[in-house]
Every structure is written in C-alpha cells, then in structure tokens.
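Hi,

Here is the structure I promised to pass on. Have a look first, and then read on for my notes.

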Amino acid sequence: ISSQFVLEAVVSTQSTGVKVGRQNLAVNVRVDESTDYTLDMILAHPIDPDDSPHRILKTKVEIQLKKATAVRWETLEKQDGAESSNPNQRVYPSSNRRNPVDWDRVEAEAVKEDAEDKKEGDQALNELFQKIYADGSEETKRAMIKSFQESGGTVLSTNWDEI
C-alpha cells in the first residue's frame, strides 16, 4: 500500500473531494474562499480502488492506494510515453538485487521435471489404478470397489462378471 498526502489546510471537509479510479486519482481541496487546490493524475500502474481508503483531516488529505499487482513503482504518476505494463519490470519481493531469479521460469522447469519423472514401485502402481478407475465405465468402477472391499484390499478386479 502506498500513501499519498496532500498537505493543505482544509477549510471544510464538505468542500473537499477525493475520487480514486483504477488508474487515476483526483483530489479537490478548498483552501479558502478564493483558492482551490486540484490534483488530477494518471497513475503509473493500476490500483484497487475498493481497497484504497482516504481520510480528510483539517491539516491534510491522506490517501492510501493499494496496488493491483505486486510490481515496483518507479514513479507514482504515469510519465508521457511510458508503458504501464513493462514486461521486463522485476516483480518483487526479491532479496537478490544483482542476479534476480525469474520464479516463473523456475516454476515452469519444476512442472516440466515432475511430468518427465518416471514413477516407480507402489507409486507407479497406484497411479496406474487411479488412471484405470478414472477412465473406466461405471461397471468397471463398481467391480474395482467391490473386489477391493470383499478381498480386504488384496484383489482388484475390473470385470464385474468375475466377482
């Protein structure tokens, strides 16, 4: 959550307006009868407007902006010509500043390794039975359950006629 403060003496909380949008912020403060302070900006990245509260006090207007995505903001306001979503921008938190880890790549490699691993022993057998049960007809499923229960876990049959 990022906090934004507008430090102006607020004459009346009724004459002060704060509007928080997905990627914009608008504040209007009546300082005195002849002076208004207006802040209207397009934010560098999207925020969650429903979870971005604000407080209007006599000495300041306090606005908390909750980020929609966990990226590091270089600036609060969007710069002219700057892209809102930079694909090379590092997602944080990261404790390694010199050689940041691409966790998406690490996850993809782990999933690929898990898929390539050959199961052995009981694990391979259980996986085979689960596949047979999942792909089998209702009759096959009933036969497997009945044969397993009646044998006390020693026999597993897929043929209903043999049970």
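Arg55 and Glu62 join their side chains in a salt bridge, with N to O at 3.2 Å. I use that term for a side-chain nitrogen of Lys or Arg within 4 Å of a carboxyl oxygen of Asp or Glu. By this rule the count comes to seven salt bridges. The pair is also part of something wider, as Arg55, Lys60 and Glu62 are linked in a network of salt bridges. How covered are the two partners? Arg55 is partly exposed because its relative accessibility is 47%, while Glu62 has 13% and so counts as buried. The cut-offs are under 20% relative accessible area for buried, over 50% for exposed and in between for partly exposed (1.4 Å probe, protein chains only).

Before I go further, a word on the source: this is a predicted model, where local features need pLDDT of at least 70 and side-chain atom pairs count only at pLDDT 80 or more, while totals for chains, interfaces and linings use all residues. Residues are numbered from 1 along each chain as its sequence is written, and side-chain values use heavy atoms, with hydrogens and water left out.

Now the overall layout. The protein chain has three helices and six strands, and along the sequence these follow the pattern β-β-β-β-β-β-α-α-α. Helices (H or I, at least four residues) and strands (E, at least two) are DSSP runs, numbered from the N terminus. Of the 163 residues in the protein chain, 20% are buried.

Helix H1 covers residues 103–116. Its end C-alpha atoms lie 20 Å apart, which agrees with the 20 Å that its 14 residues should span at 1.5 Å a residue. (The expected span is 1.5 Å times one less than the number of residues.) How many of the 14 residues in H1 are buried? The count is zero, so to speak a helix that is hardly covered. H1 also holds a salt bridge of its own, between Glu109 and Arg105, whose closest N and O atoms are 3.1 Å apart. These two sit four residues apart in H1, about one turn of the helix. Both are partly exposed, Glu109 with a relative accessible area of 39% and Arg105 with 45% relative accessibility.

Glu113, which is found in H1, belongs to a patch of negative charge on the surface together with Asp114, Glu116 and Asp117. Patches are made of residues with over 30% relative accessible area and no salt bridge, with like charges joined within 9 Å and nonpolar side chains (Val, Leu, Ile, Met, Phe, Trp, Tyr) within 5 Å. Lys and Arg count as positive and Asp and Glu as negative, with His and the chain ends not counted. The place of a charge is taken as NZ of Lys, CZ of Arg, CG of Asp or CD of Glu.

There is a nonpolar patch on the surface too, about 480 Å², made by Leu125, Leu128, Phe129, Ile132, Phe148 and Leu156. The areas come from the Shrake-Rupley method with a 1.4 Å probe, and for residues only the protein chains shown count as cover. Which element gives the largest share of the nonpolar patch? That is helix H2 (residues 121–135), with four residues. Leu156 comes from the segment after helix H3 (138–150), and its relative accessibility of 33% makes it partly exposed.

H3 has a salt bridge as well: Lys146 and Glu150 meet through their side chains at 3.8 Å, N to O. The two are four residues apart in H3, about one turn of the helix. Lys146 is partly exposed at 30% relative accessibility, whereas Glu150 is exposed, with a relative accessible area of 57%.

Lastly, two pairs that are far apart in sequence. Thr75, in the loop between strand E6 (61–65) and H1, has its C-alpha atom 6.6 Å from that of Ala44, with their positions 31 residues apart along the chain. Thr75 is partly exposed, with a relative accessible area of 33%. Ile42 and Leu76 are 34 residues apart along the chain, and their C-alpha atoms are separated by 8.6 Å. Ile42 is found in strand E4 (residues 35–42) and counts as exposed, at 53% relative accessibility.

Cheers

Technical notes: Expected span 1.5 Å × (residues − 1).
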